[in-house]
Each structure stands twice: as C-alpha cells, then as structure tokens.
Amino acid sequence: MCSSDLYQPIIRVCDGQMSGLEALIRWNDPERGRIAPDLFIPLAEATNLIRPIGRWVLREACRQMNAWTTTHPGLARLDIAVNISGRQLSHGGLLGEVQAALRDFNLPARQLILEVTESSLIHDLPTAVNQLRELRELGVRIAIDDFGTGNSSLGQLQALPVDILKIDRALLQAMIGTRSGAAVVQSVVELGRALHLGVVAEGIETAVQAAEFGRISPEGLAQGFLFTRPLDPLDLEREW
Ligand code: G
Ligand code: MN
C-alpha cells in the first residue's frame, strides 16, 4: 500500500498530558513524495476509492494502537481517533467494518473515536443518525470534526448521537485579537458543557492561542503544530 498513517497527539490543556492520537493518512508517491490528504481525499471521494482507503486507515490505526499497548501497557488509556468520510457513513458496511477492526486487533471499543464532519452528516441525516447510533452501541465514541464551519443547525446537533466537538482551526485563529472571535469559541465550549460533550481545539499553532483556549476551557483538549505535528509511529515511539 502506498499510504502511511501519521499520528498527531491530542493534549489535555490543564496538564499537557497526551489523551490520545489522531490517525492522519499520507499518500506516498514514488516521484512526488508525501502528499497531504487535502489533495487526494477529494479525488478518492469522487472515485469511490475512499471506502477501501478509509477501511485501510481504520484497520491500520487499530492495529497500531494494539501493537503500542502490547509493548507499553500504560498506553491503553490513550484514545485513537480515525477520520470517516461521508461516503463511508452513507454506506451500510461501516458498522461491520468497525466491528471487524476492533475484533481483529483486539482493541476495546472505548479507545476508538470516529471523526465525522458536519457536512457529511447533513447530506443524509436520517441514515447518518442511525449509523452513528449503532456505532455508539458498540461503545465507540463519535466526534464532529471541523465544528463551526459546516452548515448544520444547532437544533440538529442536539439530536445527534455524538460525544465530542472538534472546534475548527479557523475559529481558533479568529479567537485571537477580536472580542467576537473569542466569544464564538467561548460559546462553543459552553455548548459542549451544556450538552455533556467533550471539546477539542484543532490546529493550535501559537502559545497565545493555547493560553486563551486554556482560559476558556480548562477541561478541554487541544492538538496542533504548537504541541506536535503529525508524526511517524517510529518518531512517536522514541518519545515513550
Ligand atoms: O479535517 P481534520 O481536522 O481531520 O484535518 C486535520 C489536518 O490538519 C491534517 O492534515 C493535519 O496535518 C492538519 N493539522 C494538524 N495540526 C495543524 C495545525 O496546527 N495547523 C494547521 N494548519 N494544520 C494542522
Ligand atoms: Mn479529524
């Protein structure tokens, strides 16, 4: 397979501890080197390749997490987050694929988080809601990725079977320098508290952003280049 999974740590803001990892696929082209997902994922979605690719990422992330917890039992407390595309969600096979990956790699469902974007949910909301409900019955958690950039309504959010909001990095950039930008992040954090959802700040690049988000959400989680870029498994292991 010409792809590899990188892993980006997700950090607890209050104490800097790693709470989990997000698996991020890269395409390794023999001539062009490592290609970022925003270039090839849209192509894969347009050609139906997204389902086998998504399945590969899911299985590889479960395999890797299991391998890590075998060699370092302390890592069993870490979550592993995997991105799921709208195409996978609208296809009936996803539940079986997740079940198979958990079983084949002996990963407890509570360690797995599936990330879906708002826009992939609203495409066919009733089907998506059913799928998410069944997935959650397995014990996996669901995160809404890029939250704040889609056009789903807050009324729908309240009815969605989800556990975590991942605040899009655009909102965290706008949080600095304007009162209104900070107010938007503050209200998403309060929404998370009110609905009992975990909140993750994405794409934190500066210490100023980290401090401001920590002030707004001391209980929150964050990821971004400030903490660590997505890393090869071998580079991550060197830190353990
Ligand atoms: O859609 P999703 O939020 O899963 O996308 C994650 C993407 O964001 C990955 O391609 C990852 O490499 C990238 N990324 C991770 N941290 C940062 C960051 O701090 N800044 C920017 N610009 N991109 C980031
Ligand atoms: Mn994601």
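The following paragraphs describe the two largest pockets of a predicted model and the surroundings of its ligand.

In the predicted model, the largest pocket encloses about 1,200 Å³ of space. Its lining is formed by 37 residues, and those that lie nearest the centre of the pocket are E22, L24, P37, N83 and D145. Two or more lining residues are contributed by each of the strands β1 (3-12), β2 (18-29), β5 (112-117) and β6 (141-147), and likewise by each of the helices α1 (37-46), α2 (50-71) and α3 (86-90). In terms of residue class, the lining of the largest pocket comprises 13 nonpolar, eleven polar and 13 charged residues.

The largest pocket is also the space taken by ligand 1. The shell around ligand 1 consists of 16 residues, of which R26, D145, E202, E205 and F225 are the closest. Two elements, β2 and β6, give two or more residues to this shell, and the largest share, three residues, comes from β2. By class, the residues of the shell around ligand 1 divide into five nonpolar, four polar and seven charged.

Several polar atoms of the protein are placed beside oxygen atoms of ligand 1. For E22, which is among the residues nearest the centre of the largest pocket, a polar side-chain atom lies 3.0 Å from an oxygen atom of the ligand. A polar side-chain atom of D146 is likewise found 3.2 Å from an oxygen atom of ligand 1. At F225, one of the closest residues to the ligand, the contact is made instead through the backbone, with an N or O atom that lies 2.8 Å from an oxygen atom of ligand 1. Taken alone, ligand 1 exposes 520 Å², and 80% of that area is buried by the protein.

The second largest pocket holds about 290 Å³ of space. A total of 25 residues line the second largest pocket, with I164, G198, V199, V200 and L221 lying nearest its centre. The elements that each supply two or more residues to this lining are the strands β1, β2, β4 (79-83), β5, β6, β7 (164-167) and β8 (198-201), together with the helix α9 (179-194). The lining of the second largest pocket is made up of twelve nonpolar, six polar and seven charged residues. The strands β1, β2, β5 and β6 thus appear among the contributors to the lining of the largest pocket and also among those of the second largest pocket.

Definitions and conventions. Residues are numbered from 1 along each chain as its sequence is written. Chains are lettered from A and ligands numbered from 1 in the order in which they are written. This is a predicted model: local features need pLDDT of at least 70, side-chain atom pairs count only at pLDDT 80 or more; totals for chains, interfaces and linings use all residues. Side-chain values use heavy atoms; hydrogens and water are left out. On a 1 Å grid over the protein atoms alone, a cavity is a set of points where a 1.4 Å probe fits but cannot get out, and a pocket is an open set with protein on both sides within 12 Å along at least five of seven lines; lining residues have an atom within 4 Å of a point. Grid points are joined across faces, edges and corners, and a volume is the space filled by probe spheres set on the points. Helices (H or I, at least four residues) and strands (E, at least two) are DSSP runs, numbered from the N terminus. Ala, Val, Leu, Ile, Met, Phe, Trp, Tyr, Cys and Pro count as nonpolar, Asp, Glu, Lys and Arg as charged, and the others, Gly among them, as polar. A residue is near a molecule or strand if one of its heavy atoms lies within 4 Å of it. A polar contact is a pair of N or O atoms within 3.5 Å; within protein, one must be able to donate a hydrogen and the other to accept it, and residues adjacent in sequence count only if both atoms are side-chain atoms. Accessible areas come from the Shrake-Rupley method with a 1.4 Å probe; for residues, only the protein chains shown count as cover. A molecule sits in a cavity or pocket if more than half of its atoms lie within 2 Å of its grid points.
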